[in-house]
Amino acid sequence: MKTESTLEKILAAGHLAVTSECGPPRGALPNKVKEKAELLRGCVDGINVTDNQTAMVRMSSLAACIIIQNMGLNPILQMVSRDRNRLAMQSDIIGAYSHGVDTMLCLSGDHPRFGDHPMAANVHDIDSIQMVDMVRNMRDEGKFQGGEKIDGSPKMFIGAAANPFADPFELRVARLAKKVKAGVDFIQTQCIFNVDKFEKWMEGVRERGLHEKVAIMAGITPMKSVGMARYMKNKVPGMDVPDEVVQRMAGVPKEKQSEEGIKICVETIQRLKEVEGVRGFHIMAIEWEQKVPEIVERAGLLPRPVV
Amino acid sequence: MITAERKPMEEIIGSVSPYRRILLVGCNECVTVCAAGGRKEVGLLASALKMHFAKEGNPVEIEEVTLERQCDPEYVEELLPRMDQADAVLSMACGCGAQEVARRYKEKPVFPAVNTRFMGASERQGVWAERCAGCGNCVLGITAGVCPIARCSKQLLNGPCGGSTSGKCEVDPDIDCAWQLIWDRLKALGMQERYEDNIPAKDWRTGRGGGPRRIVREDLAS
């Protein structure tokens with residue numbers, strides 16, 4: 001084992017892992033973090049804490065991670081390269097680890113264009129692949145990126161994202177290979193609605209044996225309504241929502257659409273369980289965290305194993 | 001070239017309105033090519049300003065000059081005989097040119113009439129696009145001749161991110177995805193295997209990370 005991470009232990013024991021996420025509040029309201037995280041107790045192995053998601057200012061991921069850590073849950077520190085240079089990243093990583101946070105996710109982050117601070121400067125000192133390499137080096141070599149020795153190196157279990165649905169499709173396996181080369185331990189994918197395309201991507205992943213080098217967790221998002229399905233199809237870059245999914249949501253009366261969304265989500269998990277190389281699920285229930293326990297239960301993923 | 005665009009008229013008028021004798025200085029280099037501050041634009045701006053202030057009953061004298069290169073002390077020196085008759089200088093060169101004039105003529109207020117935009121190339125008639133960020137350590141040799149620092153919205157050295165759709169960037173459909181362009185070029189060159197070389201974190205000291213930059217050529221320096 002590289003770390004003390006619960007997620008690493010679950011995966012190493014061969015269980016299908018389950019993670020979900022908690023978006024910190026847009027204000028100094030620690031109880032909001034606690035309420036959201038509490039909903040996930042007992043039904044996930046790790047809770048991703050987003051880092052100024054969609055380029056909107058929120059409570060820092062690190063601060064919210066500490067709150068969640070103190071509740072006896074397992075936060076996953078998300079970190080984007082948009083807002084911090086490599087000094088700030090490394091200091092936050094050792095800071096997080098000092099509080100017991102042992103799992104993180106390295107991302108480039110949504111462009112400020114999409115948030116409510118489009119006037120902000122982008123940092124992007126390093127990219128997500130370079131961040132993975134930096135964190136692995138901090139853990140395994142005990143060195144800062146500048147080359148100096150770290151006194152008490154952070155033993156982080158390192159995650160990254162992958163979007164099998166973005167273009168050019170032919171680069172999507174190759175880019176995963178670059179993340180593997182950089183030393184990533186686990187991957188959480190973009191929300192999967194187009195299961196056929198995801199399976200095609202996984203074929204490419206298996207052809208290169210990448211599924212044996214990195215634990216791939218399939219990204220799942222329940223849709224609340226046909227409106228949300230259409231929005232994700234048309235407005236969210238890199239999101240692939242097939243017409244038949246939108247039609248299925250549109251085919252049921254409004255008051256039953258949220259239940260239909262949960263059904264689709266559970267069926268997707270069931271189907272993906274059969275895909276070789278899928279090692280778990282990352283459930284992103286956007287502002288709908290209270291549905292996660294039900295999804296996990298209906299998908300047959302409860303109780304969570306104790307490791 | 002360095003590209004620029006003329007500032008809005010109201011802003012230019014606001015900056016020079018306290019002055020009655022204005023020396024309007026263009027540049028015959030980049031800003032001429034991108035039609036922002038060459039001889040022609042100097043003439044147009046001079047007429048517009050004269051008309052505006054005449055209409056207000058507050059006429060101005062505008063002296064027009066277009067230097068060969070406004071960023072070069074040798075040419076900026078040519079302004080000397082005209083400086084006595086000027087209350088202020090309005091520069092249509094890039095920021096380099098305007099600063100050179102300000103450095104040379106310490107007693108004269110200098111105002112920019114253009115916004116300096118970026119280092120770019122002409123895509124077609126009337127369209128210029130960013131090509132180089134001046135990072136000081138060129139990566140074009142490993143990125144198939146397309147710069148991801150200048151042309152990827154996230155300046156990813158290991159792209160493309162998840163926001164690339166049909167060759168376009170998620171930030172704006174008018175922006176080509178730099179990594180799609182890099183990939184297309186690598187394929188055309190039969191160098192696909194290069195894609196999987198992880199490009200390491202960049203040393204930004206050669207760029208702005210090292211503070212304001214200078215080049216000293218010992219063989220040429222006097």
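Is A:Phe281 buried or exposed? Select A:Phe281 to find out; the model is a predicted one. The residue is buried, with a relative accessible area of 0%.

**Stop 1: A:Phe281 and its surroundings**

A:Phe281 sits in strand S8 of chain A, which covers residues 278-283. Leaving aside residues up to four places away in sequence, show what A:Phe281 touches: A:Leu16, A:Ala17, A:Val18, A:Thr19, A:Met217, A:Ala218, A:Ile220, A:Ile269, A:Leu272, A:Lys273 and A:Leu301. Then add A:Glu294, which is 13 residues from A:Phe281 in sequence; the two C-alpha atoms are 14 Å apart.

**Stop 2: helix H6 of chain A**

Select residues 172-182 of chain A, which form helix H6. Of its 11 residues, 10 are buried, so the helix is largely enclosed by the rest of the structure. The buried ones are A:Arg172, A:Val173, A:Ala174, A:Arg175, A:Leu176, A:Ala177, A:Lys178, A:Lys179, A:Val180 and A:Ala182. A general point about α-helices helps when turning the view: there are 3.6 residues a turn, so residues three or four places apart point the same way.

What do the buried residues of H6(A) pack against? Colour these elements of chain A in turn: helix H5 (128-140), strands S5 and S6, helix H7 (195-207) and strand S7 (215-220). Just after H6(A) comes A:Gly183, with a positive phi of about 110°.

**Stop 3: aromatic pairs**

Over all chains, the structure holds 5 aromatic pairs. One of them is A:Phe157 with A:Phe186, a stacked pair with 5.3 Å centre to centre and 20° between the planes. A:Phe157 belongs to strand S5 (residues 157-162) and A:Phe186 to strand S6 (residues 186-191) of chain A, so this pair links distant parts of the chain, 29 residues apart. A:Phe157 is buried at a relative accessible area of 5%, and A:Phe186 is buried at 0%.

Now go to chain B and select B:Trp183 and B:Tyr195. Their rings form an edge-to-face pair, 5.8 Å centre to centre with 70° between the planes. This pair also links distant parts of its chain: B:Trp183 is in helix H8 (residues 178-188) and B:Tyr195 is in the segment after H8, 12 residues apart. Both B:Trp183 and B:Tyr195 are buried. Add B:Trp179 to the selection, and ring pairs link B:Trp179, B:Trp183 and B:Tyr195 into a cluster.

**Stop 4: chain B as a whole**

Zoom out to show chain B, which has 8 helices and 9 strands. Its C-alpha atoms fill a box of roughly 65 × 45 × 25 Å along the principal axes. The radius of gyration is 22 Å, whereas a compact globule of 222 residues would have one near 17 Å. Of the 222 residues, 43% count as buried.

Among the contacts in chain B between residues at least 6 apart in sequence, 58% join residues at least 24 apart. The accessible surface is about 11900 Å², and 51% of it belongs to carbon and sulfur atoms. Colour by charge next: chain B has 29 positive and 31 negative charges, and their mean positions are 1 Å apart.

**Stop 5: B:Thr66**

Select B:Thr66, which lies in strand S3 (residues 61-67) of chain B. Why does B:Thr66 count as buried? Its relative accessible area is 16%, and buried means under 20%. Apart from residues up to four places away in sequence, B:Thr66 touches B:Gly26, B:Cys27, B:Asn28, B:Gly38, B:Arg39 and B:Val42.

**Stop 6: backbone details**

Most residues other than glycine have a negative phi, and most peptide bonds are trans. The places below depart from one or the other of these patterns.

- A:Leu302 to A:Pro303: a cis peptide bond, omega about -5°. A:Pro303 is in the segment after helix H11 (292-298) of chain A.
- B:Gly159 to B:Pro160: a cis peptide bond, omega near 0°. B:Pro160 is in the loop between helix H7 (148-151) and strand S8 (168-169) of chain B.
- B:Gln155: in the loop between H7 and S8 of chain B, with a positive phi near 40°. B:Gln155 is partly exposed, at a relative accessible area of 22%.
- A:Ala55: a positive phi of about 55°, in the loop between strand S2 (46-49) and helix H3 (61-69) of chain A. A:Ala55 counts as buried, at 10% relative accessibility.

Note on methods. Residues numbered from 1 in each chain as written. Chains lettered and ligands numbered in written order. Predicted model: local features only at pLDDT ≥ 70, side-chain atom pairs only at ≥ 80, totals over all residues. Heavy atoms only, no water. Helix = DSSP H or I, 4+ residues; strand = E, 2+ residues; numbered from the N terminus. Rg over C-alpha atoms; globule rule 2.2 N^0.38 Å. Buried < 20%, exposed > 50% of the residue type's maximum accessible area, 1.4 Å probe, protein only. Contact = heavy atoms within 4.5 Å. Areas by Shrake-Rupley, 256 points an atom, 1.4 Å probe, with all protein chains shown as cover. Lys, Arg positive; Asp, Glu negative; His and termini not counted. Charge placed at Lys NZ, Arg CZ, Asp CG, Glu CD. Phe/Tyr/Trp six-rings, centres within 6.5 Å; stacked < 30°, edge-to-face > 60°.
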